[in-house]
Amino acid sequence: MKLITAIIKPFKLEEVREALADVGVSGITTTEVKGFGRQKGHTELYRGAEYQVDFLPKIKIEVVVASDKLEATLEAITKAAHTGKIGDGKIYVIPIDHTIRIRTGETGEAAV
(Lines give C-alpha, C1' and ligand atoms only; values in the text may rest on other atoms or scores of the structure.)
Protein backbone atom coordinates (compact mmCIF):
# COMPACT_ATOMS: atom_id res chain seq x y z
CA MET A 1 0.00 0.00 0.00
CA LYS A 2 1.05 3.57 -0.65
CA LEU A 3 0.20 6.95 0.88
CA ILE A 4 -0.15 9.60 -1.81
CA THR A 5 0.09 13.21 -0.68
CA ALA A 6 -0.73 15.81 -3.30
CA ILE A 7 -0.49 19.58 -2.91
CA ILE A 8 -2.74 21.29 -5.47
CA LYS A 9 -4.39 24.60 -6.27
CA PRO A 10 -7.68 25.02 -4.35
CA PHE A 11 -9.89 25.47 -7.42
CA LYS A 12 -8.73 22.06 -8.76
CA LEU A 13 -10.03 20.08 -5.76
CA GLU A 14 -13.37 19.09 -7.27
CA GLU A 15 -11.77 17.94 -10.54
CA VAL A 16 -9.23 15.85 -8.64
CA ARG A 17 -11.94 14.34 -6.42
CA GLU A 18 -13.97 13.32 -9.48
CA ALA A 19 -10.88 11.88 -11.21
CA LEU A 20 -10.05 9.82 -8.11
CA ALA A 21 -13.61 8.51 -7.91
CA ASP A 22 -13.38 7.48 -11.59
CA VAL A 23 -10.32 5.28 -10.88
CA GLY A 24 -11.95 3.66 -7.85
CA VAL A 25 -10.44 5.58 -4.95
CA SER A 26 -13.01 5.31 -2.19
CA GLY A 27 -11.78 7.89 0.32
CA ILE A 28 -9.60 10.97 0.56
CA THR A 29 -8.58 13.40 3.27
CA THR A 30 -8.12 17.08 2.45
CA THR A 31 -6.55 19.91 4.41
CA GLU A 32 -6.37 23.61 3.63
CA VAL A 33 -2.69 24.56 3.79
CA LYS A 34 -0.46 27.48 2.84
CA GLY A 35 2.96 27.35 1.29
CA PHE A 36 5.22 28.30 -1.57
CA GLY A 37 7.64 26.66 -3.92
CA ARG A 38 9.46 28.16 -6.86
CA GLN A 39 6.86 30.90 -7.23
CA LYS A 40 7.94 32.39 -3.86
CA GLY A 41 4.57 34.07 -3.23
CA HIS A 42 3.41 37.21 -4.99
CA THR A 43 2.70 40.92 -4.50
CA GLU A 44 -0.87 42.18 -4.01
CA LEU A 45 -2.38 45.64 -3.95
CA TYR A 46 -4.71 46.45 -1.04
CA ARG A 47 -6.17 49.94 -0.51
CA GLY A 48 -3.44 51.46 -2.60
CA ALA A 49 -0.58 49.78 -0.75
CA GLU A 50 1.48 46.90 -2.09
CA TYR A 51 2.30 44.01 0.18
CA GLN A 52 4.07 40.69 -0.23
CA VAL A 53 2.08 37.47 0.15
CA ASP A 54 4.70 34.86 1.06
CA PHE A 55 2.41 31.85 1.55
CA LEU A 56 -0.19 30.91 -1.02
CA PRO A 57 -3.35 28.90 -0.26
CA LYS A 58 -3.17 25.26 -1.36
CA ILE A 59 -5.07 22.04 -0.72
CA LYS A 60 -3.31 18.93 0.60
CA ILE A 61 -4.94 15.66 -0.44
CA GLU A 62 -4.01 12.38 1.24
CA VAL A 63 -5.03 9.03 -0.26
CA VAL A 64 -4.03 5.48 0.66
CA VAL A 65 -4.22 3.04 -2.25
CA ALA A 66 -3.22 -0.53 -2.98
CA SER A 67 0.09 -0.76 -4.81
CA ASP A 68 -1.62 -2.02 -7.98
CA LYS A 69 -3.75 1.16 -8.15
CA LEU A 70 -0.79 3.51 -7.67
CA GLU A 71 -0.07 4.42 -11.30
CA ALA A 72 -3.74 5.01 -12.19
CA THR A 73 -4.19 7.19 -9.12
CA LEU A 74 -1.08 9.26 -9.84
CA GLU A 75 -2.14 9.75 -13.46
CA ALA A 76 -5.65 10.82 -12.39
CA ILE A 77 -4.31 13.41 -9.94
CA THR A 78 -1.71 14.71 -12.39
CA LYS A 79 -4.20 15.16 -15.25
CA ALA A 80 -6.92 16.72 -13.08
CA ALA A 81 -4.64 19.15 -11.22
CA HIS A 82 -2.62 20.27 -14.26
CA THR A 83 -3.00 23.87 -15.47
CA GLY A 84 0.43 24.28 -17.05
CA LYS A 85 1.18 27.30 -14.88
CA ILE A 86 3.65 27.68 -12.03
CA GLY A 87 2.27 26.48 -8.70
CA ASP A 88 0.36 23.42 -9.98
CA GLY A 89 1.73 21.48 -7.02
CA LYS A 90 3.56 18.31 -6.08
CA ILE A 91 2.77 14.66 -5.45
CA TYR A 92 4.64 12.53 -2.89
CA VAL A 93 4.39 8.74 -2.54
CA ILE A 94 5.24 7.01 0.75
CA PRO A 95 5.04 3.27 1.52
CA ILE A 96 2.53 2.18 4.17
CA ASP A 97 3.63 -0.73 6.37
CA HIS A 98 0.44 -1.36 8.32
CA THR A 99 -3.17 -0.14 8.37
CA ILE A 100 -5.92 -0.82 10.91
CA ARG A 101 -9.59 0.13 10.61
CA ILE A 102 -10.42 1.12 14.19
CA ARG A 103 -14.14 0.27 14.04
CA THR A 104 -13.80 -3.30 12.76
CA GLY A 105 -10.20 -4.24 13.49
CA GLU A 106 -9.55 -5.04 9.82
CA THR A 107 -5.92 -4.77 8.80
CA GLY A 108 -3.94 -4.27 5.60
CA GLU A 109 -5.70 -3.52 2.31
CA ALA A 110 -9.05 -4.62 3.76
CA ALA A 111 -8.83 -1.62 6.12
CA VAL A 112 -8.55 0.82 3.22
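In this predicted model, strand E2 is joined to strand E5 (residues 56–65) by seven bridges, and the two run antiparallel. One position in this pairing is easy to locate: Val 33 stands opposite Lys 58 in E5. The pair belongs to an open sheet of four strands, arranged in the order E2-E5-E1-E6 with antiparallel pairing. Strand E2 (29–35) and strand E6 (89–95) take the edge positions; each has a single partner strand, so one side of each is left without a neighbour in the sheet. From one strand to the next, the twist averages 20°. As a reminder, the strands of a sheet pair through backbone hydrogen bonds, in either a parallel or an antiparallel manner.

Helix H1 (residues 13–22) packs on this sheet, where it touches strand E1 (2–8), E2 and E5. The direction of H1 makes about 10° with that of E5. Helix H2 (residues 70–81), for its part, lies across E1, E5 and E6 and runs at about 5° to E1. Both helices thus have E1 and E5 among the strands they meet.

What, then, does H1 bury? The buried residues of this helix are Val 16, Ala 19 and Leu 20. Viewed down the axis of H1, they fall within an arc of 100°, so they line one face of the helix. An α-helix has 3.6 residues a turn, so residues three or four places apart point the same way. The partners of the buried residues of H1 are E1, E5 and H2, against which they pack. After the helix comes Gly 24, which has a positive phi, near 90°.

Turning to the chain overall, it holds two helices and six strands, and these follow one another along the sequence in the pattern β-α-β-β-β-β-α-β. Of its 112 residues, 29% count as buried. Among the contacts in the chain with a separation of 6 or more, 71% are accounted for by residues 24 or more positions apart. The chain exposes about 7,600 Å², and carbon and sulfur atoms supply 53% of that area.

Two loop residues repay a closer look. Asp 88 is found in the loop between H2 and E6. Is Asp 88 buried or exposed? Its relative accessibility is 16%, and because burial means under 20%, Asp 88 counts as buried. The side chain of Asp 88 reaches the backbone nitrogen of Gly 84 at 3.0 Å. Leaving aside residues up to four places away in sequence, Asp 88 touches Ile 7, Ile 8 and Lys 9, together with Ala 81, His 82 and Thr 83.

Ser 67 sits in another loop, the one between E5 and H2. With a relative accessibility of 39%, Ser 67 counts as partly exposed, a class that lies between buried, under 20%, and exposed, over 50%. Which residues does Ser 67 touch, not counting those up to four places away in sequence? They are Met 1, Lys 2 and Glu 109. Ser 67 and Glu 109 are 42 residues apart along the chain, and their C-alpha atoms are separated by 9.6 Å.

Definitions and conventions
Residues numbered from 1 in each chain as written. Predicted model: local features only at pLDDT ≥ 70, side-chain atom pairs only at ≥ 80, totals over all residues. Heavy atoms only, no water. Pairing = 2+ DSSP bridges. Axes fitted to C-alpha atoms, helices over the stretch in contact; angles between N-to-C directions. Contact = heavy atoms within 4.5 Å. Buried < 20%, exposed > 50% of the residue type's maximum accessible area, 1.4 Å probe, protein only. Areas by Shrake-Rupley, 256 points an atom, 1.4 Å probe, with all protein chains shown as cover. Polar contact = N/O pair within 3.5 Å; in protein donor to acceptor, adjacent residues only side chain to side chain. Arc of directions from axis to C-beta.
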